[in-house]
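Please open the structure in your viewer and keep the sequence panel visible. The tour below proposes one selection after another and states what is to be found at each stop.

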Amino acid sequence: FNREVFNLGFNGSAKAEPEVAHVIADIGALSALVISTEGNCPNAQWLDEKLREFIRIYRSYHPETPIVIMPFMIGGADLLDPKKHAERLRRREVQAKIVEDLRSAGDQNIHLLLRDAYMEPTFEGHSVLQEISVDGLHLTDLGFYQSTQILYRFLKDHANL
(Lines give C-alpha, C1' and ligand atoms only; values in the text may rest on other atoms or scores of the structure.)
Protein backbone atom coordinates (compact mmCIF):
# COMPACT_ATOMS: atom_id res chain seq x y z
CA PHE A 1 0.00 0.00 0.00
CA ASN A 2 3.08 2.22 0.06
CA ARG A 3 2.32 3.37 3.61
CA GLU A 4 4.17 3.33 6.87
CA VAL A 5 3.30 0.36 9.09
CA PHE A 6 3.36 0.32 12.87
CA ASN A 7 3.54 -3.24 14.15
CA LEU A 8 2.82 -2.95 17.85
CA GLY A 9 3.58 -6.57 18.68
CA PHE A 10 3.23 -6.70 22.44
CA ASN A 11 4.40 -10.32 22.66
CA GLY A 12 1.65 -11.49 24.99
CA SER A 13 1.49 -8.31 27.06
CA ALA A 14 -1.31 -6.23 25.56
CA LYS A 15 -4.70 -7.35 26.75
CA ALA A 16 -6.86 -4.61 25.19
CA GLU A 17 -6.35 -2.31 28.16
CA PRO A 18 -7.86 1.18 27.91
CA GLU A 19 -4.45 2.80 28.43
CA VAL A 20 -3.18 1.08 25.29
CA ALA A 21 -6.18 2.38 23.30
CA HIS A 22 -5.29 5.95 24.31
CA VAL A 23 -1.64 5.48 23.34
CA ILE A 24 -2.49 3.96 19.96
CA ALA A 25 -5.03 6.72 19.31
CA ASP A 26 -2.26 9.27 19.98
CA ILE A 27 -0.20 7.87 17.10
CA GLY A 28 -2.40 9.92 14.80
CA ALA A 29 -4.63 9.20 11.85
CA LEU A 30 -4.10 5.64 10.65
CA SER A 31 -5.19 4.20 7.32
CA ALA A 32 -6.47 1.16 9.23
CA LEU A 33 -6.14 -0.44 12.65
CA VAL A 34 -5.80 -4.22 12.81
CA ILE A 35 -6.43 -5.73 16.24
CA SER A 36 -5.39 -9.26 17.12
CA THR A 37 -5.34 -9.38 20.89
CA GLU A 38 -7.25 -12.59 21.57
CA GLY A 39 -4.23 -14.66 22.53
CA ASN A 40 -3.17 -12.22 25.23
CA CYS A 41 -6.53 -12.08 26.99
CA PRO A 42 -7.06 -14.59 29.81
CA ASN A 43 -10.60 -15.60 28.80
CA ALA A 44 -13.58 -14.75 26.60
CA GLN A 45 -15.27 -12.57 29.22
CA TRP A 46 -12.13 -10.42 29.59
CA LEU A 47 -11.88 -10.15 25.81
CA ASP A 48 -15.52 -9.08 25.54
CA GLU A 49 -15.28 -6.37 28.21
CA LYS A 50 -11.85 -5.00 27.36
CA LEU A 51 -12.09 -5.09 23.58
CA ARG A 52 -15.42 -3.27 23.56
CA GLU A 53 -13.96 -0.52 25.75
CA PHE A 54 -10.74 -0.43 23.72
CA ILE A 55 -12.70 0.17 20.51
CA ARG A 56 -14.96 2.76 22.19
CA ILE A 57 -11.91 4.72 23.34
CA TYR A 58 -10.15 4.48 19.97
CA ARG A 59 -13.35 5.52 18.17
CA SER A 60 -13.66 8.61 20.37
CA TYR A 61 -10.43 9.83 18.73
CA HIS A 62 -10.82 8.35 15.24
CA PRO A 63 -14.46 7.68 14.35
CA GLU A 64 -13.84 6.81 10.68
CA THR A 65 -10.64 4.74 10.74
CA PRO A 66 -11.27 1.22 9.41
CA ILE A 67 -10.80 -1.31 12.21
CA VAL A 68 -10.20 -4.97 11.47
CA ILE A 69 -10.65 -7.47 14.30
CA MET A 70 -8.56 -10.50 13.46
CA PRO A 71 -9.23 -13.54 15.70
CA PHE A 72 -6.73 -16.34 16.01
CA MET A 73 -7.02 -19.12 13.49
CA ILE A 74 -8.37 -22.49 14.53
CA GLY A 75 -5.23 -24.60 14.67
CA GLY A 76 -4.04 -28.11 15.33
CA ALA A 77 -3.53 -27.53 19.05
CA ASP A 78 -7.17 -26.48 19.40
CA LEU A 79 -8.44 -29.54 17.60
CA LEU A 80 -6.48 -31.89 19.88
CA ASP A 81 -7.92 -30.44 23.07
CA PRO A 82 -11.73 -30.09 23.22
CA LYS A 83 -11.53 -27.49 26.03
CA LYS A 84 -9.08 -25.32 24.07
CA HIS A 85 -11.19 -25.70 20.97
CA ALA A 86 -14.37 -24.66 22.81
CA GLU A 87 -12.59 -21.62 24.31
CA ARG A 88 -11.19 -20.63 20.90
CA LEU A 89 -14.69 -20.82 19.42
CA ARG A 90 -16.11 -18.82 22.34
CA ARG A 91 -13.50 -16.08 21.84
CA ARG A 92 -14.29 -16.03 18.14
CA GLU A 93 -18.01 -15.67 18.90
CA VAL A 94 -17.27 -12.78 21.28
CA GLN A 95 -15.28 -10.91 18.64
CA ALA A 96 -17.90 -11.56 15.96
CA LYS A 97 -20.62 -10.28 18.31
CA ILE A 98 -18.66 -7.10 19.07
CA VAL A 99 -18.31 -6.39 15.35
CA GLU A 100 -21.97 -7.24 14.73
CA ASP A 101 -23.14 -4.98 17.57
CA LEU A 102 -21.02 -2.05 16.42
CA ARG A 103 -22.08 -2.43 12.81
CA SER A 104 -25.74 -2.57 13.91
CA ALA A 105 -25.14 0.64 15.85
CA GLY A 106 -23.94 2.34 12.65
CA ASP A 107 -20.17 1.73 12.57
CA GLN A 108 -19.64 0.45 9.03
CA ASN A 109 -15.85 0.77 9.33
CA ILE A 110 -15.37 -2.20 11.63
CA HIS A 111 -14.74 -5.65 10.20
CA LEU A 112 -14.05 -9.23 11.25
CA LEU A 113 -11.37 -11.15 9.36
CA LEU A 114 -11.35 -14.92 9.87
CA ARG A 115 -8.07 -15.77 8.17
CA ASP A 116 -8.53 -19.53 8.37
CA ALA A 117 -11.58 -19.20 6.12
CA TYR A 118 -9.24 -17.91 3.39
CA MET A 119 -6.15 -20.07 3.96
CA GLU A 120 -5.04 -22.08 0.96
CA PRO A 121 -5.20 -25.75 1.96
CA THR A 122 -2.85 -26.88 -0.79
CA PHE A 123 0.32 -25.67 -2.46
CA GLU A 124 1.34 -27.20 -5.78
CA GLY A 125 -0.99 -30.12 -5.13
CA HIS A 126 0.20 -30.88 -1.59
CA SER A 127 -1.74 -30.33 1.63
CA VAL A 128 -0.17 -27.52 3.64
CA LEU A 129 -2.68 -27.06 6.45
CA GLN A 130 -0.22 -28.68 8.87
CA GLU A 131 2.55 -26.46 7.51
CA ILE A 132 1.09 -23.02 8.24
CA SER A 133 1.95 -23.16 11.93
CA VAL A 134 4.63 -24.66 14.12
CA ASP A 135 2.27 -25.76 16.88
CA GLY A 136 -1.24 -24.96 15.73
CA LEU A 137 -0.84 -21.39 16.99
CA HIS A 138 2.46 -19.76 15.96
CA LEU A 139 2.78 -19.23 12.21
CA THR A 140 5.56 -20.53 9.99
CA ASP A 141 6.88 -18.54 7.02
CA LEU A 142 4.15 -20.10 4.88
CA GLY A 143 1.51 -19.14 7.46
CA PHE A 144 2.78 -15.58 7.60
CA TYR A 145 2.90 -15.40 3.81
CA GLN A 146 -0.70 -16.58 3.48
CA SER A 147 -1.86 -14.31 6.32
CA THR A 148 -0.20 -11.33 4.66
CA GLN A 149 -1.85 -12.06 1.34
CA ILE A 150 -5.25 -12.47 3.02
CA LEU A 151 -4.87 -9.26 5.05
CA TYR A 152 -3.72 -7.33 1.97
CA ARG A 153 -6.77 -8.40 -0.06
CA PHE A 154 -9.09 -7.77 2.88
CA LEU A 155 -7.76 -4.25 3.51
CA LYS A 156 -7.94 -3.48 -0.19
CA ASP A 157 -11.57 -4.64 -0.38
CA HIS A 158 -12.86 -3.35 2.97
CA ALA A 159 -10.64 -0.44 4.01
CA ASN A 160 -10.30 1.20 0.60
CA LEU A 161 -6.51 1.09 0.71
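How many bridges join strand 1 to strand 2 (residues 67-69)? Select both strands: three bridges join them, and the two strands run parallel. One of the pairs may be picked out by residue, for Leu33 has Ile67 of strand 2 as its bridge partner. Please note that the model under study is a predicted one.

**The sheet**

Now add the remaining strand to the selection. Three strands form an open sheet, in the order 1-2-3, with parallel pairing. At the edges lie strand 1 (33-35) and strand 3 (110-112), each of which pairs on one side only. On average, neighbouring strands of this sheet are turned by 20° against each other, direction ignored. As a general matter, the strands of a sheet pair through backbone hydrogen bonds, either parallel or antiparallel.

**The helix on the sheet**

Keep the sheet displayed and select helix 4 (residues 82-104), which packs on the sheet. Which strands does helix 4 touch? It touches strand 2 and strand 3, and its direction makes about 150° with that of strand 3.

Within helix 4, select Ala86. This residue is partly exposed, because its relative accessible area is 44%, which lies between the limits of 20% and 50%. Next, draw a distance from Ala86 to Thr140: the two are 54 residues apart in sequence, and their C-alpha atoms are 24 Å apart in space.

**A nonpolar patch**

Turn to the surface and select Phe6, Leu8, Phe10 and Ile27, which make a nonpolar surface patch of about 350 Å². Of these residues, consider Phe10, placed in the segment before helix 1 (18-25). Is Phe10 buried or partly exposed? Phe10 has a relative accessible area of 36% and is therefore partly exposed.

**Two asparagines with positive phi**

Most residues other than glycine have a negative phi. The last two stops show positive values.

Select Asn2, in the segment before helix 1. The phi of Asn2 is near 55°, a positive value in a residue other than glycine. Asn2 is exposed, because its relative accessible area is 83%.

Finally, select Asn160, in the segment after helix 5 (141-158). What is the phi of Asn160 near? The value is near 55°, again positive in a residue other than glycine. Asn160 has a relative accessibility of 70% and so counts as exposed, the limit for that class being over 50%.

Notes:
Residues are numbered from 1 along each chain as its sequence is written. This is a predicted model: local features need pLDDT of at least 70, side-chain atom pairs count only at pLDDT 80 or more; totals for chains, interfaces and linings use all residues. Side-chain values use heavy atoms; hydrogens and water are left out. Patches are made of residues with over 30% relative accessible area and no salt bridge: like charges are joined within 9 Å, nonpolar side chains (Val, Leu, Ile, Met, Phe, Trp, Tyr) within 5 Å. Accessible areas come from the Shrake-Rupley method with a 1.4 Å probe; for residues, only the protein chains shown count as cover. A salt bridge is a side-chain nitrogen of Lys or Arg within 4 Å of a carboxyl oxygen of Asp or Glu. Helices (H or I, at least four residues) and strands (E, at least two) are DSSP runs, numbered from the N terminus. Buried means under 20% relative accessible area, exposed over 50%, partly exposed in between (1.4 Å probe, protein chains only). Two strands pair if DSSP finds at least two bridges between them. Axes are lines fitted to C-alpha atoms, for helices over the stretch in contact, and angles run from 0 to 180 degrees between N-to-C directions. Contact means heavy atoms within 4.5 Å.
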